[in-house]
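The following paragraphs describe one helix and its surroundings, and then turn to aromatic contacts.

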Amino acid sequence: MAVMSYRQALHDTLRAEMLRDPDVFLMGEEIGRFEGSYKITAGLLDEFGPKRVRDTPIAEEGFTGAAVGAAMLGLRPVVEIMTINFSLLALDQIVNHAAKIYGMFGGQRSVPMVIRTPGGGGQQLAATHSQNVELFYAFTPGLKVVAPSSPADAKALLLASIRDNDPVLFLENLALYNTKGEVPDGDVAGEIGRAAVTREGTDITLVAYSRMAHVALQVAEKLAAEEGISAEVVDLRSLRPLDRPTIIESVKKTSCAVVLEDDWLTYGIGAEVAASISDGAFDYLDAPVRRVAMAEVPLPYAKSLELAALPSANDVVTAVHQTLDAVGRRSVGAH
């Protein structure tokens, strides 16, 4: 088991899948000669050549549509869209074509393609380059949407996504690329649609994904060390399909929940998670489900304002305190 960065895990997995399956090829802006804006594809053009590492024009709708056609004919394209913000230009190809072809063709054609794309704020890239608009895709039947938070999950879920016969939106976060962790050796794909309990706890459940799954773990460790509060952390990993049973079982155990997301509160992923908890664990709840999200504004460019708008560890701690105070459990720190 090696220790590597999230970035390296993605690179190595892409290379391994290209070596394993000649039908896997890459497309995207500046992924070849420039080696990708975030260097995920470094060295792959030299190794595999321009037929399998294709630099594209700045035309997201065009090259995403080309990938849909290639997938329908049996290839396995992995498309890199430079940021999820730019995927809005390809919304028609993703939502109206990739997601619907299998159903509209009566199962006669599959679309085995992956769209890799990073998002997230905190990099001073301003409002139109710092969004997390995964809700648009997680809302759409026919797509699968995954959001790994660790290098190990990045590898496992990228393997699963490339080998899946459905279109998969593979969400990355700019803040995660340099994070490091242990990555198992071998060729073992993860399971799309399966959340992970990354920390056991008894007092409260923290549900999160992507960058906020890291924040949830940090908060859980801080609460345990400083206040004796035992927080369980559920990392969603997959947004569609959503692993409702794992979420519900955790909340049944703790009877309290806070849902974290790196996006706007209204109509968000957290709203779906909160509704799922209400549907499946209402009788077990000791307090309303609280949600932590970013401020409902276009993300400012100024660093101080950007940080103020993004959800923080302190925001999560406050939500945990408010939830446990509401049922008189904070002072005990046990359930």
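**Helix packing and aromatic contacts**

In helix 10, the buried residues (under 20% relative accessible area with a 1.4 Å probe, protein chains only) are I269, G270, V273, A274, S276, I277 and A281. Because these residues cover an arc of only 160° around the axis, they lie on the same side of helix 10; the arc is that of the directions from the helix axis to the C-beta atoms. This is a predicted model, in which local features need pLDDT of at least 70 and side-chain atom pairs count only at pLDDT 80 or more, while totals for chains, interfaces and linings use all residues. Residues are numbered from 1 along each chain as its sequence is written, and side-chain values use heavy atoms, with hydrogens and water left out.

Helix 10 comprises 13 residues, 269–281; helices (H or I, at least four residues) and strands (E, at least two) are DSSP runs numbered from the N terminus. The buried residues of helix 10 pack against helix 6, strand 10, strand 12, helix 9, strand 13 and strand 14, where contact means heavy atoms within 4.5 Å.

Aromatic rings of Phe, Tyr and Trp (its six-membered ring) pair if their centres lie within 6.5 Å, with planes under 30 degrees apart counted as stacked, over 60 as edge-to-face and the rest as tilted. By this rule there are 2 aromatic pairs. Y6 and Y177 form an edge-to-face pair, 6.2 Å centre to centre with 65° between the planes. This pair links Y6 in helix 1 with Y177 in the loop between strand 7 and strand 8, 171 residues apart. Both Y6 and Y177 are buried, and Y6, Y38 and Y177 form one aromatic cluster.

Note on methods: Buried < 20%, exposed > 50% of the residue type's maximum accessible area, 1.4 Å probe, protein only. Expected span 1.5 Å × (residues − 1).
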